[in-house]
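Let us take a walk through this protein together, starting at one small pairing and working outward. Keep the view open as you read, and turn it whenever a new part comes up.

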Amino acid sequence: MRAWATLTPAAPTSRMPAVSTKEIDQYLDNLDEPKRATLAQLRDTIIAIVPDAEQCISYGMPAFRLRGRTIAGFAAFKGHLSYVPHSGSVIPRLVKETEGYTKTQGSLHFPFDKPLPKKLVKKLLDARMAEAFGPRR
């Protein structure tokens, strides 16, 4: 089975130090429901797809890093939740898959009470990891 999870994480960089899961837990604990539950589900989905990803804080939001590169992040805002691929080219490449969502070049917005489908998260992660590490072999 070819999986991104087989990639070995690189040592943490000084720009985005690795954090314990406690900091991500604290971020989520400070949110009201249903924001908390929806983002916790997104976190679990990302971990299930890329179990070797290291949790970190990037630009003040929970993020996931693999082999020293940030591959995904999420955040809660006043009017929406966001999935952030940490690349300006991932979402524009998935126009069909992200149809129906509000989006910018660098973030995908979704409602507080409706988690992103696992299939979509996998496509977003696959696109970002292909960009960061090259196509799967």
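Glycine 73 has a bridge partner in β4, namely valine 84. The model you are looking at is predicted, so every position here is a computed one. This pairing belongs to the contact between β3 and β4, two strands that run antiparallel and are joined by four bridges. Next door, phenylalanine 74 stands opposite tyrosine 83 in β4. Follow the chain between the two strands and you will find four residues linking them, since β3 and β4 form a hairpin.

Now stay with β4 and look to its other neighbour. Three bridges join β4 to β6, and these strands also run antiparallel. One place to see this is leucine 81, whose bridge partner in β6 is phenylalanine 110. Which way do the residues of β4 point? Leu81 and Tyr83 point one way, Ser82 and Val84 the other way, and all are buried.

Step back, and the rest of the sheet comes into view. It is an open sheet of six strands in the order β1-β2-β3-β4-β6-β5, with antiparallel pairing. β1 (54-58) and β5 (102-103) stand at the edges with a single partner strand each, so one side of each has no neighbour in the sheet.

What lies across this sheet? Helix α4 lies across β2, β3, β4 and β6, and it runs at about 145° to β3. This helix covers residues 118-133, and its 16 residues should span 22 Å at 1.5 Å a residue; the end C-alpha atoms are 22 Å apart, which agrees. Just after α4 comes glycine 134, with a positive phi of about 90°.

Along α4, the buried residues are Leu120, Val121, Leu124, Leu125, Ala127, Arg128, Met129, Ala132 and Phe133. An α-helix has 3.6 residues a turn, so residues three or four places apart point the same way. What do the buried residues of α4 pack against? Their partners are α2 (35-49), β2 (61-66), β3 (69-76), β4 (81-84), α3 (90-93) and β6 (108-110).

Helix α2 offers a good view of that packing. Threonine 45 lies in this helix, and at 11% relative accessibility it counts as buried, because the cut-off for buried is under 20%. Leaving aside residues up to four places away in sequence, threonine 45 touches Lys118 and Val121. Isoleucine 46, with those same close places in sequence left out, touches Phe64, Ala72, Phe74, Tyr83, Val121 and Leu125.

Several of these names return in the core. In soluble globular proteins, nonpolar side chains tend to be buried together. Here the largest nonpolar core has 31 residues, and those with the most contacts inside it are Leu39, Leu42, Ile46, Ile71, Tyr83 and Leu125. Two or more residues come from each of α1 (21-29), α2, β2, β3, β4, α3, β6 and α4. α4 gives the most, with eight residues.

Finally, take in the whole protein. It has four helices and six strands, and from the N terminus on they run α-α-β-β-β-β-α-β-β-α. Of its 137 residues, 45% count as buried. Among contacts between residues at least 6 apart in sequence, 61% join residues at least 24 apart. On the outside, the accessible surface comes to about 7400 Å², and 53% of it belongs to carbon and sulfur atoms.

Note on methods
Residues are numbered from 1 along each chain as its sequence is written. This is a predicted model: local features need pLDDT of at least 70, side-chain atom pairs count only at pLDDT 80 or more; totals for chains, interfaces and linings use all residues. Side-chain values use heavy atoms; hydrogens and water are left out. Buried means under 20% relative accessible area, exposed over 50%, partly exposed in between (1.4 Å probe, protein chains only). Contact means heavy atoms within 4.5 Å. Accessible areas come from the Shrake-Rupley method with a 1.4 Å probe; for residues, only the protein chains shown count as cover. The expected span of a helix is 1.5 Å times one less than its number of residues. A nonpolar core is a set of buried Ala, Val, Leu, Ile, Met, Phe, Trp, Tyr and Cys residues joined through side-chain atoms within 4.5 Å. Two strands pair if DSSP finds at least two bridges between them. Axes are lines fitted to C-alpha atoms, for helices over the stretch in contact, and angles run from 0 to 180 degrees between N-to-C directions.
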